[in-house]
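User: Please take a close look at one helix of this model and the way it is packed, and then place it in the context of its chain and of the wider assembly.

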Amino acid sequence: MKYHLISLGCQMNLSDTERVKTVMHKMGFSETDHEDEASILGIIACSVRQKAIDKVYSRIYKWNKMKNRKSLLTFVSGCILPSDKEQFLKLFDLVFPMSELPDLPIMISQYGIVTPAGLQHLESERETLMPKPEALEKEQKTLLLPFETNKPAVAGLKLNPAAGIDEFWHVEPTYTSGFEAFIPIQNGCDKFCTFCAVPYTRGREVSRPSVEILNELSNLVEKGFKSITLLGQNVNSYGLDKKGEEIDFPELLRKIGQYGQNSGKDFWVYFTSPHPRDMTDEVIEVISLYPVLANQIHLPVQSGDDGVLLRMNRKHSMEKYRHIVGTIRRLLPNATLFTDIIVGFTGETDEQFESTRKIMAEFQYNMAYIAQYSVRPGAASSRWADDIPKEVKKERYHLLTNELTKYSFEYNKTLVGKSMRVLVRGRDRKEGYLSAHTEGKIVTRFASDNDDHIGQFVDVKIMGAAPLSVEGKLVHQEILQTQ
Amino acid sequence: MHSDNLHEIISVRHLTETAYVLQITRRGLPFKAGQHILLGKAGSIHNREYSIYSGEQDSFFEVLVKEVDEGMVSKQLKKLKTGDKVQIEGPLGFFTIIPELIENGKFLFIATGSGIAPFHCFTQSYPELNYKLFHGVRYANEGYEKNHYAKNSHILCTSGDRLGDFYGRVTDYIRLNPVSHDTHCYLCGNFNMIHEVFDLLEQQGVPAEQVHAEVYF
């Protein structure tokens, strides 16, 4: 029996999807890319934009039509606003928050579907889905699935979608890459930025126990993973919700750094996204101490204007942001800096946009994910007039993009002639080339058709620069040629 | 539904036809003045943020609710009676006063409508605060429990009648009464007020770091 899964949205959803796959596989289902072949159809939804939610509706209407000719079970989970949840309960067979993923086998069995694993090994199905927290330290024990509980097949009426997230984290992910992985360290958000609906879809900030994070990380490193990203909506408020009963983010990084030093393995650890409000000098100091903590910082600014930041409810000023960037430049002089920016936010004047344009020159980002403001259903700002005309947003978007390419090009030119270690990520679009990124996530392509390099670190000499990438040459090839 | 989030309504205090204060059991939950809770009727999937109206030392929580025409939660909450259950998440938020400033800081609180709630909490929690409060409403009867505030500290700005301390909007009042540079300003209320007041304060030389806002919607 097969399942088909659609994952919409951000890295957090991709990471969640990896855990959903594990649960499906443990039940004996295999994945298919073709929905026609599947008996179970699922969506990991995203509520950041209306478009993503519209996709969910169009898909479920199609799937419900398919039910006329075959037996199907449909489910939806992920980031869902309460108003959509009410509609989804009428359209999907199962609606559940991600925190209830471990109960998915029960929900499916209550629908009368006998899983392939259930047919073969009714008893063993009760095992191996979720290691206990203690087992993560001892590694060997497993937890029985709570089949004896009598939960409704349709879940999802929790006020806080994050309640019970601890059990979700015990589900081992099915990693989609053999060398890059995400580790969720936190779920939910307490910041309530006015343009964002995440606090209403994922609930409050909940930190994952550090012992689990460190365990997952060391397992990945032992398996040869090279790039590991710690994930959370506000990673640097990690631990604060536990009120002293858990280590904080700098300490978590320190432990990872120390593990890296002791392991003798080569890997890079990233994190995304930090919130400037909770970003401390200590975080940057710790990164400067340990080579495995990558010199790449993604620090969302959203706007360069204090007035706009205030209305976005970002809870920090540009002075605070400047201080953080100053510390990064001082302690991590080789670090690259990425950011997120929204242009055309409700009420953004030309003058306020100019403030944002100025910070492009001031901070000289290596990458900026620039979005034209669009109303996000459920977010506070959706109640305000979206009063900046589309053409103005577009123009501002292009102006900032031009600034970005200008400064990133300048930076990339400084790399020419240098030898750099890069992680090879796959074949490049350009025939006969491989694509990689540097520790600072600068996209690097180099001529090679040797797929054995994929997933490995190699050294390249940078030969040329482009606005958002560089081109290099394998160093060992050069040595071979000169010998 | 998680029973550990359930709290009981102690009383409902109606201030106007559309505004009321819900007093709810606190169950020992700690909070900092200025924080908010997410509040919803027990069993409902809908909730909403409400600033805490009561003080840090009070044994209960109070929230000031303004009924909104299209608001699902405020309408549900209005029907609740003493003894009914609500669900609470939090307390959360960062709209708080830096402890070192409580004793000697100079504060200006600017609110529109029910945005006065966190300032009620500040003044209840720290009675010694050196503050001024400008409260903008349409009609004077919306000056919710104005007697709670020190007489010379509270300015009620009314734009729909002349029964307040000042006839006009809070922004008009600020234009006529510039704010000194060393003031820590806290803004709570609707988006337009915050937008306008921030610009005014900037023009009057108040540093951005001294301006804090909680946007109501």
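Analyst: Of the 483 residues in chain A, 48% are buried. This is a predicted model, and the account below should be read accordingly. Chain A is built from 16 helices and 18 strands. Among its contacts with a separation of 6 or more, 74% join residues 24 or more positions apart.

The helix chosen for the close look is α11 of chain A, which spans residues 281-289. In chain A, the loop between β10 (268-272) and α11 holds A:Ser273. The peptide bond that joins A:Thr272 to A:Ser273 is cis, and its omega is near -10°. As a general matter, most peptide bonds are trans.

Which residues of α11(A) are buried? They are A:Val283, A:Ile284, A:Val286 and A:Ile287. Because these residues cover an arc of only 160° around the axis, they lie on the same side of α11(A). A general property of the helix is relevant here: an α-helix has 3.6 residues a turn, so residues three or four places apart point the same way. The elements that cover the buried residues of α11(A) include α10 (249-263) and α13 of chain A.

The second of these partners can be described in more detail. In general, two packed helices are described by the angle between their axes and the distance between the axes. For α11(A) and α13 (residues 318-331) of chain A, the axes come within 10 Å and cross at roughly 20°. The two helices are therefore roughly parallel, an angle under 35 degrees being counted in that class. The crossing of α11(A) with α13(A) is right-handed. On the side of α11(A), the contact is made by A:Asp281, A:Ile284, A:Glu285 and A:Ser288, while α13(A) contributes A:Thr327, A:Ile328 and A:Leu331. Sorted by class, the residues of this contact are three nonpolar, two polar and two charged. A:Ile284 appears both among the buried residues of α11(A) and among the residues that touch α13(A).

Elsewhere in chain A, a backbone feature deserves mention. A:Lys441 is not a glycine, yet its phi is positive, at about 60°. This residue belongs to the loop between β15 (433-438) and β16 (443-447) of chain A. A:Lys441 counts as partly exposed because it has 19 C-beta neighbours inside 10 Å, whereas 20 or more are required for a residue to be buried.

The wider assembly brings in chain B. Between the two chains, 23 residues of chain B are in contact with 23 residues of chain A. On the side of chain B that touches chain A, β6 (85-92), α4 (191-203) and β12 (211-216) each supply at least two residues. The greatest share comes from α4(B), with five residues. By class, this side of chain B comprises twelve nonpolar, seven polar and four charged residues.

Strand β6 of chain B also contains B:Pro91. The peptide bond from B:Gly90 to B:Pro91 is cis, with omega near 0°. Chain B has a positive phi as well, near 55°, at B:Arg27, a residue other than glycine. B:Arg27 is placed in the loop between β2 (19-25) and β3 (36-41) of chain B. With 14 other C-beta atoms within 10 Å, B:Arg27 is partly exposed.

How values were computed:
Residues numbered from 1 in each chain as written. Chains lettered and ligands numbered in written order. Predicted model: local features only at pLDDT ≥ 70, side-chain atom pairs only at ≥ 80, totals over all residues. Contact = placed C-beta atoms within 7 Å. Helix = DSSP H or I, 4+ residues; strand = E, 2+ residues; numbered from the N terminus. Nonpolar A, V, L, I, M, F, W, Y, C, P; charged D, E, K, R; others polar. Axes fitted to C-alpha atoms, helices over the stretch in contact; angles between N-to-C directions. Parallel < 35°, antiparallel > 145°, perpendicular 65-115°, else oblique. Left-handed = near helix turned anticlockwise from the far one by under 90°. Buried ≥ 20, exposed ≤ 12 C-beta atoms within 10 Å, placed from the backbone. Arc of directions from axis to C-beta.
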